[in-house]
Amino acid sequence: MATEGNLQAPTRHAIDWKNPEFYNEEATLHEMGRIFDICHGCRRCVSLCGTFPTLFDLIDASKTGEVDGVDQKDYRKVVDQCYLCDLCYMTKCPYVPPHPWNVDFPHTMLRAKAIKFKSGEVKTSERLLASTDVLGQFAGIPIVVQLANAVNKTRPARAVMEKVLGVDKNAWLPELATQKFRSGALESPPHPVRDGAKTPGKVVIYSTCYVNYNEPGIGHDLLKVLDHNEVPYVLVEKEKCCGMPKLELGDLDSVNSAKEANIPVLVKYAKDGFAILSAVPSCTLMFKQEIPLLYPDDADVQLVQQHMWDPFEYLMARKRDGLLKTDFSIPLGKISYQIPCHGRVQNIGKKTEEMLKMVPGTSVHTHERCSGHAGTFGVKKPTHQQAMKIGKPLFKAMASHKDGGLPDVISSDCPLSGHHIAQGFDVNQLGAPPQKHPLTLIRTAYGLK
């Protein structure tokens with residue numbers, strides 16, 4: 001008897017991206033039609049993002065009212081709305097594997113994106129926006145940083161950026177850091193390595209492009225928290241972008257280049273018994289899920305996957321090992337906290353919420369809804385306003401704390417999502433509580449300077 005996939009743990013199939021058949025457009029369109037027809041008969045996912053309303057509007061406006069009435073050329077409209085958050089697969093769809101219908105919507109969209117990229121239809125501006133290492137190389141150069149950050153704030157310059165790069169002039173953009181995280185990170189004090197039953201006793205930090213180039217304070221907060229808990233740490237010897245921005249474009253060759261640069265470095269730490277921590281959920285997920293699915297037979301990739309941790313996943317596991325300090329001295333007040341999509345699909349539970357709730361004098365109101373930012377989707381001219389629309393229900397919900405009134409602080413594990421939420425508060429006139437990363441809040445709660 002067939003059962004709904006969500007009655008069992010969803011399973012993932014490897015992505016056969018090196019097979020020439022993967023790029024067969026006719027076969028891909030056929031598979032999209034099959035999946036779209038299943039989605040049309042269910043519609044459980046309609047509230048997640050713009051992808052499914054776009055699909056259902058196309059179907060409902062067709063002559064037949066069915067998928068066979070939709071011009072296959074219009075399938076691209078659906079593909080362009082998908083930003084591979086994976087929530088439909090992990091939280092909504094009843095027909096994912098092990099269900100025999102085998103619906104994998106996000107990876108079918110990835111296949112279509114890869115065909116689009118191979119055909120040369122992705123704009124140069126989109127490729128540049130996804131080249132985080134290229135954009136971040138100017139961080140830490142004083143005059144360049146000051147000029148770039150100043151230009152970022154002027155309306156005429158933003159109008160030019162919108163025209164040339166396709167970046168919406170109203171979208172929030174991160175500043176370049178005056179000093180890269182990797183340049184300013186302090187060496188770990190010589191704490192002894194104390195392995196727990198669940199956790200390695202030493203940590204290596206994969207900085208991520210965003211923390212290294214844009215918001216190094218998040219990385220420094222993580223180091224302070226680890227030091228306070230007497231966990232010795234090092235930084236990854238060298239690193240490249242995880243590849244998630246390129247994956248979202250369907251640029252799998254660039255994802256491969258990132259993998260070839262990162263995995264040989266990271267696997268050395270994995271073999272040496274380090275826990276690998278990444279403070280940006282999308283980067284963590286890349287090593288936990290997407291790269292392993294692209295390289296299912298690569299033993300080094302699978303070993304890195306096993307040693308990759310979300311910071312709060314690691315810290316709460318240390319608590320279960322009896323090795324986490326709980327000497328919080330400063331209350332945090334009312335927090336409206338969002339679990340980002342790429343955090344939810346890691347299947348680690350609400351570890352950030354659990355730790356924040358340990359702080360005396362703190363009330364956490366947790367929200368499990370997409371902010372709409374989704375990487376470059378939230379800043380591009382064609383999709384910025386839609387990203388704000390997708391996030392509006394979340395913005396409004398976060399503005400009303402369960403204990404009454406505005407929260408004292410808003411927070412998300414995804415720094416881009418956090419700033420997008422803050423912009424949503426501003427645009428919708430919901431108030432102006434400060435936006436702080438959860439690691440910053442925990443450092444504050446510990447009373448660490």
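Is Arg182 buried, partly exposed or exposed, and at what relative accessibility? I looked this up at the start of my notes, and Arg182 counts as partly exposed, at 28% relative accessibility. I should write down early that I am reading a predicted model.

**Entry on salt bridges**

I stayed with Arg182 and looked for its partner, and I found that its side chain meets that of Glu239 in a salt bridge, 3.2 Å from N to O. Arg182 lies in helix H10 and Glu239 in the loop between strand E2 (233-235) and helix H13 (244-249), so the pair ties together parts that are 57 residues apart in sequence. Glu239 is partly exposed, with a relative accessible area of 22%.

I then turned to Arg194 and Glu230, whose side chains meet in a salt bridge of 3.6 Å, N to O. I placed Arg194 in the loop between H10 and strand E1 (203-206) and Glu230 in the loop between helix H12 (216-228) and E2, so this pair ties together parts that are 36 residues apart in sequence. Arg194 counts as partly exposed at 32% relative accessibility, and Glu230 is partly exposed with a relative accessible area of 31%. I also noted a network in which salt bridges that share partners join Arg12, Asp86 and Asp104.

My next pair was Lys153 and Glu175, where the side chains meet in a salt bridge with an N to O distance of 3.0 Å. This pair links distant parts of the chain, 22 residues apart, with Lys153 in the loop between helix H8 (142-152) and helix H9 (155-165) and Glu175 in the loop between H9 and helix H10 (181-184). I read Lys153 as exposed, at 62% relative accessibility, whereas Glu175 is partly exposed, with a relative accessible area of 33%. For the whole structure, the search finds 24 salt bridges.

**Entry on helix packing**

I looked next at helix H14 (residues 252-271) and helix H15 (residues 281-294), which pack at an angle of about 115° with their axes 12 Å apart. I noted that the crossing of H14 and H15 is left-handed. On the H14 side I listed Val255, Lys259, Asn262, Ile263 and Leu266, which meet Met286, Phe287, Ile291 and Leu294 in H15.

Which residues of helix H2 (residues 51-61) are buried? I found Thr51, Phe52, Thr54, Leu55, Phe56, Leu58 and Ile59 to be the buried residues of H2. Their cover includes helix H1 (25-42), helix H3 (75-81), helix H4 (87-92) and helix H5 (105-118).

I also followed His307, which lies in helix H16 (residues 299-307). His307 counts as buried because its relative accessibility is 17%, and buried means under 20%. Leaving aside residues up to four places away in sequence, I found that His307 touches Ala270, Gly273, Phe274, Ala275 and Ile276.

**Entry on the backbone**

Where is Pro98 found? I located Pro98 in the loop between H4 and H5, and the peptide bond that leads from Pro97 to Pro98 is cis, with omega near 20°. Asn102 also has its place in the loop between H4 and H5. I noted that phi of Asn102 is near 55°, a positive value in a residue other than glycine, and that Asn102 counts as partly exposed at 30% relative accessibility.

I found another positive phi, of about 80°, at Thr208, although Thr208 is not a glycine. Thr208 lies in the loop between E1 and helix H11 (209-213) and is buried, with a relative accessible area of 1%.

**Entry on the surface**

I looked for nonpolar side chains at the surface and came to Leu128, Val134 and Leu135, which form a nonpolar patch with about 210 Å² of accessible area together. Within this patch, Leu135 lies in helix H7 (residues 132-136), and I read it as partly exposed, with a relative accessible area of 37%.

My last look was at Gln429, in the loop between helix H21 (415-427) and helix H22 (438-446). Gln429 counts as exposed, at 74% relative accessibility. Taking Ser188 as a reference, I found that Gln429 and Ser188 are 241 residues apart in sequence and 43 Å apart in space, C-alpha to C-alpha.

Definitions and conventions
Residues are numbered from 1 along each chain as its sequence is written. This is a predicted model: local features need pLDDT of at least 70, side-chain atom pairs count only at pLDDT 80 or more; totals for chains, interfaces and linings use all residues. Side-chain values use heavy atoms; hydrogens and water are left out. Patches are made of residues with over 30% relative accessible area and no salt bridge: like charges are joined within 9 Å, nonpolar side chains (Val, Leu, Ile, Met, Phe, Trp, Tyr) within 5 Å. Accessible areas come from the Shrake-Rupley method with a 1.4 Å probe; for residues, only the protein chains shown count as cover. A salt bridge is a side-chain nitrogen of Lys or Arg within 4 Å of a carboxyl oxygen of Asp or Glu. Helices (H or I, at least four residues) and strands (E, at least two) are DSSP runs, numbered from the N terminus. Buried means under 20% relative accessible area, exposed over 50%, partly exposed in between (1.4 Å probe, protein chains only). Axes are lines fitted to C-alpha atoms, for helices over the stretch in contact, and angles run from 0 to 180 degrees between N-to-C directions. A crossing is left-handed if the near helix is turned anticlockwise from the far one by less than a right angle, and right-handed if clockwise. Contact means heavy atoms within 4.5 Å.
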